[in-house]
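This report walks through selected local features of the structure shown below, from single residues to the packing of helices.

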Amino acid sequence: MSMLEIRDLSVTFGGLHALKNLNFHVDEGEIVSVIGPNGAGKTTFFNMISGMITPTTGDIVFEGESLLGLDPSQVTERGIARTFQNVRLFANMTILENVMVAQHCRTDQRVFGALFQTKSFKSEEEAIRNYGEEVLSFFGSRLVGYRLDQPASVLSYANRRRLEVARAMATRPRLLLLDEPVAGMNPRESAELTALIGRLRSEWGFTVVMIEHDMSVVRDVSDRVVVLDHGETIAQGSYDQVANDPKVIEAYLGRPVGSDVAAEEEAP
Amino acid sequence: MTATSDNLSMLEAPGINWRRQIRFALVGGLSSAFIALAGMPVGLDGRNIIRPILSMGYLALLWVPFVFASLAGSVVILEGMTERERDAKDLAAGALVGLGSSSGLILLMILIQNFNLRDPLVNWSPQLLNLLSFDRSIGLGMLLWLILGTTLGLLGGAMHVVPGKVRSRILAVALAVFAVSVLETFLTDLLEGFGLEVLTDFVYYKRGGLEVLGAVVVAALTLMIPLMVGSKIKDIKTRVVEMPNEERRRVNLLLLTVCAALMLVLPFFLGKITNELLANVGLFVLLALGLNIVVGLAGILDLGYVAFFAVGGYTTAVLTSPNSPGFSPELPWPVALIVVVVLTGIVGLFIGAPVIRMRGDYLAIVTLGFGEIIRLLFLSDWLSGWFGGAQGITNIPGVDVGIGTVKGTDPRSVFLLVLVFCAIAIYVSWRLEHSRLGRAWMAIREDEDVAEAMGVNTTNTKLMAFVVGAVLASFSGAIFSAKVGSIFPTSFLMLVSIIILVVVIVGGMGNIVGVIVGALVLIGVLGGPKQPGLLQEFSQFKLLIYGALLVWMMLKRPEGLVPNVRRTRELHQEEFLQDAWLKGEIDTDDHEDSP
Ligand SMILES: Nc1ncnc2c1ncn2[C@@H]1O[C@H](COP(=O)(O)OP(=O)(O)OP(=O)(O)O)[C@@H](O)[C@H]1O
Ligand SMILES: [Mg+2]
């Protein structure tokens, strides 16, 4: 059975059908890319899985249980974490605190423990901190060391994107939803993050669904590509299948999807 | 590359902006006239700053030309610019602004003499005219203002001409003299406790204010002390900063213990008035610490915070007073306190539950409403069988602590009790801020949706903030009840909520030390909603000054007096601090992109 299964899902905003009768599934250990032109409904799709928007009709089933009616925090607790397209870090909290607070639903110390500094409180704090540092060190030396105690707002753009991913990882998810993780990065940075996305599966055991516009990234990491347009799935399959699908080409206004890729390959 | 940066550093900041000077001159004139008509000069004339030269009343007017002139002359130096050489033109600009400021007063004098606008403007009076003309003829008064304004403006402008060191010395002296004069009640009280009346008798005039000689001594000391110990303090500071973490923590702990011990013995050296004053400050510190958790940490703008203070106060009254109209178990205070804490926590839950579903402006307005509802319930006839309506509850006994009773007639004991609870509140705030709950609060303050998406149950977490805030306020209410001995709905006006909020904002949101400093400055010096501060003369202008202070803070120092590092960055939108390592990386990437 699939890890995440979405059946006949629709969302309307007023009169706008942001998603129409969407069917979708992810199997454990897969890396799936969701692509589509601007405004296709990709982010809305993520918002719905993570519980920030309630679908008008349809069902979302994660590991055999329906997610409908759950709060975003409960969805996260079930094991789905996400990043945001327009980086939304806790800018005035330190880098370490950003990944510490993300472990909220995996920990349970309350007021009593904090006030009396109980043994379990201290060991839990220690564990939260250690796991936070472990997650951060996944990105090399960029987010650790003296950076740990700096506010997230001092980070460079690429590092903010990395911290977004780290924060989502810190919630100890099983399924990771990445909304345009390399947007705004330069080619070198994005190639590096692409490699890391592969390692997210191999080393951390996450299943990944990723929205991405950068076709070279999509091609390099995805097992499967799903194309959305006007809220509907218009194609799915391997990268090559999708890239040559006439419907997809049409959706991108007649511009071949591969043109990005071609440009990339000519550059060096 | 280097050529351009050289060119940049050659750029000089622009010359004097005469339009700006004229604007400041006009605003200065308006401000002077406004202050005069607000009644400050006459109202504060009785209080000496330096006898017989300067009274608070005149000071209320005299600062204007000086401060406005120096503000008008300050320019923002952008990076890559060098500051322009200051010269006589700056003095002239200052004098112009000063002249403008005093012209406002001169114009006012002419108007007062020729028209009668006493009806709308209460302070449009012969006394004001008299004061403005220095009890002499009007013509002479005008001439004097002309000279004084221009001279002070000139001095204000000169602040930019003299070297920075001189400037800071001058400001330090002015501030020190003002502070020593203003803190008279406190200092005499303190020195008396140590048997050093000689000193204060020498420095102070019997009926308030410094003697001229006293002022000179204070000024001289301000100049000399930094010379003698300044370098030593710097030495110690660098040594502490260079210490390894472990050792530094030990030093901090030692300092903290010494401070705590000092605070505990301090009340025994202070007189009644000062103890009373500090007890009031302490009550507000408690309230402000509680509100700081709600507003400063969790970012919930609660404008009805006084409700919890009221519930704490009333519950204590009902439980301990023999005069409680309905239910009167006459419990001892410590037992009652347990009930009070539990009950206020529950009220916090009940008020919080509907409120926290809202956000921003809506939430603020709803909390404002709840604050009033609670007060009106205590005032209502319907519940007067329980809470006594407008008559309130009287005869609330003091706190029996074994070795004595804490009650209002003995401010020292009240202050000690307040201190204990402040210590508890500080500990609670500090521990919670650095815990799982505190981080969740901050995440909600930063971005509620994202916090929720990262697994924080925002409903429960925000409710916890409400409850913890409510409990801290109930401490304050319980002590207030026992201290005053009687309790009425009028003690819990909306104004109290606003003042607590101002204390938090002025002190520095989300910062424990800031909140304490805020309470000391606002409640201690200016006074609380009903409690007098050190400057009792100010009490009728308290709200005006609060307002002015708040506006100024919002414009110039939105992070508060003692800034929280994080909030500072948020509010000043600092540019990203790109360190060398990052810059290096970005450079290499640039090269790859542009062959
Ligand atoms: N909360 C909302 N209320 C109303 N309309 C919305 C809302 N959220 C999204 N939409 C609309 O739904 C459509 C899909 O938006 P969505 O953000 O999912 O697009 P997207 O595929 O992520 O695009 P992009 O590639 O630009 O990120 C858009 O037309 C958008 O304007
Ligand atoms: Mg999107």
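Is Gln117(A) buried or exposed? In this predicted model, Gln117(A) has a relative accessibility of 18% and therefore counts as buried, the limit for that class being under 20%.

## Backbone geometry

The residue just discussed also has an unusual backbone setting to report: Gln117(A) shows a positive phi of about 45° although it is not a glycine, and its place is in the loop between α4 (111-116) and α5 (119-137) of chain A. In chain B, Asp135(B) likewise has a positive phi, near 60°, in a residue other than glycine, and Asp135(B) sits in the loop between α6 (126-132) and α7 (138-161) of that chain. With a relative accessible area of 63%, Asp135(B) is exposed, whereas Gln117(A) is buried.

A further backbone feature is the cis peptide bond that joins Arg51(B) and Pro52(B), for which omega is about -5°. Pro52(B) belongs to the loop between β1 (48-51) and β2 (54-55) of chain B.

## The magnesium ion

The protein donors of the magnesium ion (ligand 2) are the OG1 atom of Thr43(A) and the OE1 atom of Gln85(A), which lie 1.8 to 2.1 Å from the ion. This pair links distant parts of the chain, since Thr43(A) is in helix α1 (residues 42-49) of chain A while Gln85(A) is in the loop between β6 (80-82) and α3 (95-101) of chain A, with the two positions 42 residues apart in sequence.

Both donor residues fall in an intermediate accessibility class: Thr43(A), at 26% relative accessibility, counts as partly exposed, and Gln85(A), with a relative accessible area of 30%, is partly exposed as well.

## Two buried residues and their contacts

Ala18(A) lies in strand β2 (residues 16-26) of chain A and is buried, with a relative accessible area of 9%. Leaving aside neighbours within four places in sequence, Ala18(A) is in contact with Val11(A), Thr12(A), Phe13(A), Ala40(A), Gly41(A), Thr44(A) and Gly231(A). As a separate distance, Ala18(A) and Val208(A) are 190 residues apart in sequence, and their C-alpha atoms are 23 Å apart in space.

In chain B, Val340(B) is found in helix α15 (residues 333-355), and its relative accessible area of 0% makes Val340(B) buried. Not counting residues up to four places away in sequence, Val340(B) touches Gly312(B), Thr315(B), Thr316(B), Leu319(B) and Ser474(B). Among these partners, Gly312(B) is 28 residues from Val340(B) in sequence, with a C-alpha to C-alpha distance of 5.8 Å.

## Helix α13 and its partners in chain B

How do the axes of α13(B) and α18(B) run, and at what angle do they cross? They come within 8 Å and cross at roughly 20°, so α13(B) and α18(B) are roughly parallel to each other, and α13(B) passes α18(B) in a left-handed crossing. The residues making this contact include Leu278(B), Val285(B) and Leu289(B) of α13(B), together with Arg412(B), Phe415(B) and Glu433(B) of α18(B). By class, the residues of the contact divide into 16 nonpolar, 3 polar and 4 charged.

With another partner the geometry is as follows: the axes of helix α13 (residues 272-297) and helix α23 (residues 512-526) of chain B come within 9 Å and cross at roughly 140°, which makes α13(B) oblique to α23(B). Here α13(B) passes α23(B) in a right-handed crossing. The contact includes Leu278(B), Val285(B) and Leu289(B) on the side of α13(B), and Ile512(B), Ala519(B) and Gly524(B) on the side of α23(B). Its residues comprise 13 nonpolar, 3 polar and no charged ones.

## Helix α12 against α18 in chain B

Helix α12 (residues 245-269) and helix α18 (residues 411-433) of chain B have axes that come within 9 Å and cross at roughly 170°, and α12(B) and α18(B) are therefore roughly antiparallel to each other. On one side the contact is made by Met263(B), Leu264(B), Pro267(B) and Phe268(B) of α12(B), and on the other by Arg412(B), Phe415(B), Leu416(B) and Leu419(B) of α18(B). By class, this contact has 7 nonpolar, no polar and 1 charged residues.

Methods: Residues numbered from 1 in each chain as written. Chains lettered and ligands numbered in written order. Predicted model: local features only at pLDDT ≥ 70, side-chain atom pairs only at ≥ 80, totals over all residues. Heavy atoms only, no water. Donors = N, O, S within 2.8 Å, 3.2 Å for Na, K, Ca; no water. Helix = DSSP H or I, 4+ residues; strand = E, 2+ residues; numbered from the N terminus. Buried < 20%, exposed > 50% of the residue type's maximum accessible area, 1.4 Å probe, protein only. Axes fitted to C-alpha atoms, helices over the stretch in contact; angles between N-to-C directions. Parallel < 35°, antiparallel > 145°, perpendicular 65-115°, else oblique. Left-handed = near helix turned anticlockwise from the far one by under 90°. Contact = heavy atoms within 4.5 Å. Nonpolar A, V, L, I, M, F, W, Y, C, P; charged D, E, K, R; others polar.
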